[in-house]
Amino acid sequence: MITDVQNQQKQSSVSSLASESGNAGQGPGDRIPFWGRVSGRRGYQALVDFLFASERRQFALLAGIPFIWVLTQHLGPVLQMLYVSFLDAYPVAVGAQTHLTLKHYLLFFEESVYRMPFLRTMTYSFALTFATLVIVYPVAYFLARHVKRQNQLAFLLLLLIPFWVGEIVRTFAIMILLGNNGAVNLLLKSLGFIDRPIPFMYTGFSVSFGVIYLTSLYMLLPLYSALEKIPASYSEAASDLGAGAWTRFRRVTLPLSYEGVASGCTLVFLMSTGFYAAPVLLGGPSTTVFAETIAGFFHVAGDRWPTGAAFACILFLASLTITALFMKFMGRLSSRGRR
Amino acid sequence: MTGKTRILMSLIYAAFVVYVFVPLSMMVVMGFKDSKFIGFPIKSWTLDWYGRVFQDTEVMSVFGYSVLIAIGSTLVSLLIGTWIAVLLAGRKFFGRALIFSLTILPAVVPGIISAIAFRIYARLLGIEPGMMAVIWAHAVHNVPFVVLVIVARLSTMPTNYIEAARDLGADPLVAFTRVTLPYLRPAMIGAGIFCLLLSFDDFVRSYFLGGYQPTLPVLIFSKLRSGMSPEINAISTIVIVLTAVLGVWAERSMRRMNGASR
């Protein structure tokens, strides 16, 4: 790679020298590269002189498109959603006046039909994030601390491949696994634990199982990279000072991995609040989550869009608040550990 | 570390691998079952479901449609993502931290909220639900992933490469296309494949921004809602194989780049 770049530098230096001395392309069998020919043209020179005349102009050229893109495409949709959530009707009918209103937000607090799915989403996401952390931490720990460094990538890759497969396909796989004739019921039956299949599907259990299956990678990667950074000598030092295995973990390794715990939990929590397909396919009427409530407003004609937008804003705000509080808590925890 | 905990930890890892692979392998196995009914026991095997998938013109056209969307959105994401990454990895400027957080924003907005926001914004922009809307939403959603990969790659590039090129008479544009871009190539291949996979597998944005023509995940979703059939297993198995091949390719490209920079 490095020699590649150096070669190219050599070529480009040759070509620019050639074009400066004005005999571009005249050497026998000496092909001038594309950029060499281009940069020899007078029009190109004028353009470059104009474009890169000052530092400020160079920066404007570099930053213009990214600024516009980030503001209009990344921030724009969220702001427009917030704006629509305050409108009394959207899309605006021709010739009609729009008024700003809070009624969509009030609707949420008035109707318990909407509150239940919201609270369910929050408790599920919270509990499932914690469950994912507990399940995945030992796996990340094993990968980072017990596997030889040159084998780590292979071990990690083995887990990565299934996670590249999309949400829908993996949800379908869970449906087959947990179905009445699925592998789990078959195994339990053949072991003689049960006579009749256990109805796992369309319950809170199947939704939880599916969501953990979908999110565990997003917990694994941050935890792994945090744990991998901790030098093994820290544990050895603690061991020399007489700390047992559990103390070493609790007083040394765990506090140093808080950063990974924080980012993994944040990612998984935010993802869990936004799942739509998995609860629809794996859940039943008793497990309706807030994402389904929000989606419901967009299946019908446009006049309920502001309500849907308001509910989406409520969900976003709530999950961001919880995430921020959690980050603060983790920050305090790790700063206390340092003292 | 004592031998006992070591054994316990490797058992936990093995159990996790089983947990990750068993559901998908069950699904693959069911695609070869010679019965309309999904579930155990399996009495006889068949390849008929695969034959049906390849004869099903709807599935084939949906597949092509999804591939087109993936390629289109990936090209946009790569262009914009690389541009933003070069800006962010360059010299400091006022508001850089803010631009960085805004860049990451689409990646952290929960799925349903992201889909709803894009749906509303598409109407503001005047994009009708359909292919263009899905390409646009996927492109915006995937930009953060490109930026993260490219910024990581740029941080390993010695600054004197560019200085050398400039000293030898290259203007900033030539220095970028002849030095920076070749250096970024493996990262761009890796990020591009990652975007292809994200777009091809995306459900929630395709579902809310798509018109009458579904993408592959949306088609599987609607088939699943009307009942399971081994044909869906066959389609999903093909998706898994494609995903694994592309994913391993991306991983190898990224690993070669990490090895070379050391």
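This is a short walk through a predicted model, from the meeting of two chains to a helix and then a single residue.

Let us start where chain A and chain B touch. The contact draws in 95 residues from chain A and 92 residues from chain B. How can we put a size on such a meeting? A common way to express the size of an interface is the accessible area lost when the parts come together. Here, the area buried between chain A and chain B comes to about 9100 Å², and carbon and sulfur atoms give 79% of that area. On chain A's side of this contact, helix H4 (residues 55–84) gives the most, with 22 residues. Sorted by class, the side of chain A that touches chain B has 70 nonpolar, 21 polar and four charged residues.

Now look for particular kinds of pairing between the two chains. Across this interface the rule finds zero salt bridges, but eleven residue pairs are in polar contact, with both residues at pLDDT 80 or more.

Next, find helix H15 of chain A, which covers residues 290–299. Is this helix largely enclosed or largely open? Seven of its ten residues are buried, so helix H15 of chain A is largely enclosed by the rest of the structure. The buried residues are Phe290(A), Ala291(A), Thr293(A), Ile294(A), Ala295(A), Phe297(A) and Phe298(A).

Finally, move over to chain B, where Tyr183(B) sits in helix H8 (residues 172–201). Tyr183(B) counts as buried because its relative accessibility is 3%, and buried means under 20%. Along the sequence, Tyr183(B) and Tyr161(B) are 22 residues apart, while in space they are 9.9 Å apart, C-alpha to C-alpha.

Notes. Residues numbered from 1 in each chain as written. Chains lettered and ligands numbered in written order. Predicted model: local features only at pLDDT ≥ 70, side-chain atom pairs only at ≥ 80, totals over all residues. Heavy atoms only, no water. Helix = DSSP H or I, 4+ residues; strand = E, 2+ residues; numbered from the N terminus. Buried < 20%, exposed > 50% of the residue type's maximum accessible area, 1.4 Å probe, protein only. Contact = heavy atoms within 4.5 Å. Buried area = accessible area lost by both parts, 1.4 Å probe. Salt bridge = Lys/Arg side-chain N within 4 Å of Asp/Glu carboxyl O. Polar contact = N/O pair within 3.5 Å; in protein donor to acceptor, adjacent residues only side chain to side chain. Nonpolar A, V, L, I, M, F, W, Y, C, P; charged D, E, K, R; others polar.
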